[in-house]
Structures are given as structure tokens and as C-alpha cells.
Amino acid sequence: MTILDRIIAQKRIEVAQRREATPITALEQMPHFMRHCLSARDAVQSFRSTGIIAEFKRQSPSKGIINDRADVAETTQGYVRSGAAVLSILTDEPFFGGTPADLQAARIANPETPILRKDFIIDRYQLLEAKAWGADVVLLIAACLTPEEVAELSMQAHDLSLQVLLEVHDEEELERSITPNIDLVGVNNRNLKTFTTSIDTSLRLVERIPDTFAKISESGLHDAETMRTLFRAGFDGFLIGEAFMKTDDPAQALAKLVSEFNLNNTLSI
Ligand SMILES: O=C(O)c1ccccc1NCC(=O)[C@H](O)[C@H](O)COP(=O)(O)O
């Protein structure tokens, strides 16, 4: 059984419990449900964007506790001040220590910045939650969904005006999961069996991603030189969590990476 299998088994129980506790009619009455969503895709692809999707990540299966002190509103506001194009907020509690309250606090603190609900989405109910809590974009992970589920969930997300980030780990997942109702394609550099990360995965897959989608490299990124390599290979954006969250000042770590990335680009491209 892989870590993903364990997460999804737990998620099925959690979604059933949540649906029981909060009916859809209650989600639809929450204040953010009717808000106009922001475009994560435009935010990473716009001319002046750093392309950084900055993640608020307290813990993970691969690293254990990363940061259990950071305040979500303060950290995400710092990320935005330092140049984050999009925020990624983990809402999975058992494995990542995230909560729905984290997403709602980040939404209130950052009204102008697109927010990704980072979770393991297997059911339309979770899309409605994402909308109610103030997300603009949701993650669909090809490794835990059939192509039919990706197509159905991405269509339902678009019906709610949520954008979709499809995450893939290899060529097979990419080929079988691409569907028109996707806005961004993320290549996850983390092997979920060994937890090792390698940007070779991103570099191998980038040319196979149609140009109609924004291209994001995810996981294990921590230096400007690597971002530059990925940018030159065709990536528009970079999903980064641990490299920021493991420091005492995540926003300052992001600002440093942005300034090193900009300096490298100015000098070398
Ligand atoms: O991070 C993990 O250990 C992990 C384990 C199992 C499934 C997913 C996992 N991570 C989710 C992510 O996609 C990352 O949080 C995200 O790409 C940021 O990665 P990093 O910059 O390495 O924190």
C-alpha cells in the first residue's frame, strides 16, 4: 500500500463524515460561496509574475513536522508581499496538519491573491467546500483518479468557476488524464514510493504538456538555479512549500529566492 493509497482510504471516510456534518445547502450559504474566483493561471503566466505558488505546509508524510509555529494569516501575507503569485493552502489534517480554517484565514488575509485548495479531491462535495472556504483553484491528482473522474471533477469545478491544477508524476498519467477543463498542469518531482525528488521528472514531461495549459513544476525546489533551468525548459510556475516553511521567516526565504531568481534571469537570459 502506497502513502497515496493510505491518504485516499482516509479521505473517503473523512468526506462521508463531513458531508454528514455539513450539508451542501449549508456550504452554499457560506459568505465566500458566491464570490468571483481569481485566475491562478493568469497570475502565474502574467508578464511580471514570479510564477511562485507558495505553500503553507505544517507537516508532511516525507518530512514529519516542518513548522508548527507559523501563523497562517501572517505567513501568507508575507508570502504575497515577497512576490508569491498564488497561495497553496493544505486542508488535509491527518497527514499534513492543515485545516479548513487555514484556507478561510488565508482568504480573508489575502483578498487579491488566487488560492489553491491543496488536498486529495475525490468527490464533488470537496469542490463545494473549496468554493465555500474561498479557494480559486483545486488540485486533481491523476495518480488517484480515473480519467473519467478527472474529466467529471474538472467539469464540475469549472461549473463552480474554480480553476483546476492537474498533477501528474509520469507520461502515462499525463496522457490519460489531459482533458479540456484543466487550466494548469503540475509535474510532481516527488516519487511517492521513495519520497525522493528529482527535477528530471519535470524536464522529461514538460514538452508533452500542451501549451494551452500553464505548466507548473512541483516539490523539492529550493534554489534559483533550479528554477532558472525549469523556466528555460518551459515552466511558467513553481510550487514550493518546505523550502520556505522550514525557515524561521518563510516570507523572507521567498523574497531571497525571488531576488536570486530575478538576478540570474537578468544576467543570463
Ligand atoms: O510532501 C509530501 O511528503 C507528500 C507526500 C505524499 C503526497 C503528497 C506530498 N506532498 C504534496 C505536495 O505536492 C507538496 O506539498 C508540494 O508540491 C510542495 O512540495 P515541497 O516544496 O517539496 O514542500
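**View 1. The annotated domain span, residues 4-257**. An unreviewed UniProt entry lists residues 4-257 as "domain: Indole-3-glycerol phosphate synthase". The model shown here is predicted. Within it, the end C-alpha atoms of residues 4-257 lie 30 Å apart. Helix makes up 43% of this span and strand 17%.

**View 2. The shell around the ligand.** The shell holds 18 residues. Ser60, Ser62, Ser219, Gly241 and Glu242 come nearest to the ligand. Strand β10 (237-240) supplies at least two residues of the shell. Helix α11 (242-245) likewise supplies at least two. By side-chain class, the shell residues divide into 7 nonpolar, 6 polar and 5 charged.

**View 3. Strand β7, residues 163-168**. The strand is mostly covered: 6 of its 6 residues are buried. Gln163, Leu165 and Glu167 point one way from β7. Val164, Leu166 and Val168 point the other way. Residues on both faces are buried, the charged-class name Glu167 and the valines Val164 and Val168 included.

**View 4. Strand β6 beside β7.** Strand β6 covers residues 137-141 and runs parallel to β7. The two are joined by 5 bridges. Val137 stands opposite Gln163 in β7. From β6 the chain passes through helix α7 (residues 147-159) before it enters β7. This β-α-β crossover is right-handed.

**View 5. Strand β8 beside β7.** Strand β8 takes in residues 184-188. It runs parallel to β7, and 4 bridges join the pair. Here Val168 of β7 stands opposite Val187 in β8. The chain gets from β7 to β8 by way of helix α8 (residues 171-177). This β-α-β crossover, too, is right-handed.

**View 6. Lys256 in helix α12**. Helix α12 spans residues 250-268, and Lys256 lies in it. Is Lys256 partly exposed or buried? Lys256 counts as partly exposed because it has 15 C-beta neighbours inside 10 Å. A buried residue would need 20 or more, and an exposed one 12 or fewer. Glu149 is 107 residues away from Lys256 in sequence. In space, the C-alpha atoms of Lys256 and Glu149 are 40 Å apart.

Note on methods
Residues numbered from 1 in each chain as written. Predicted model: local features only at pLDDT ≥ 70, side-chain atom pairs only at ≥ 80, totals over all residues. Near = placed C-beta within 6 Å. Nonpolar A, V, L, I, M, F, W, Y, C, P; charged D, E, K, R; others polar. Pairing = 2+ DSSP bridges. Right-handed = clockwise from strand over helix to strand, strands pointing away. UniProt positions renumbered as here; feature names shortened; annotations may be inferred.
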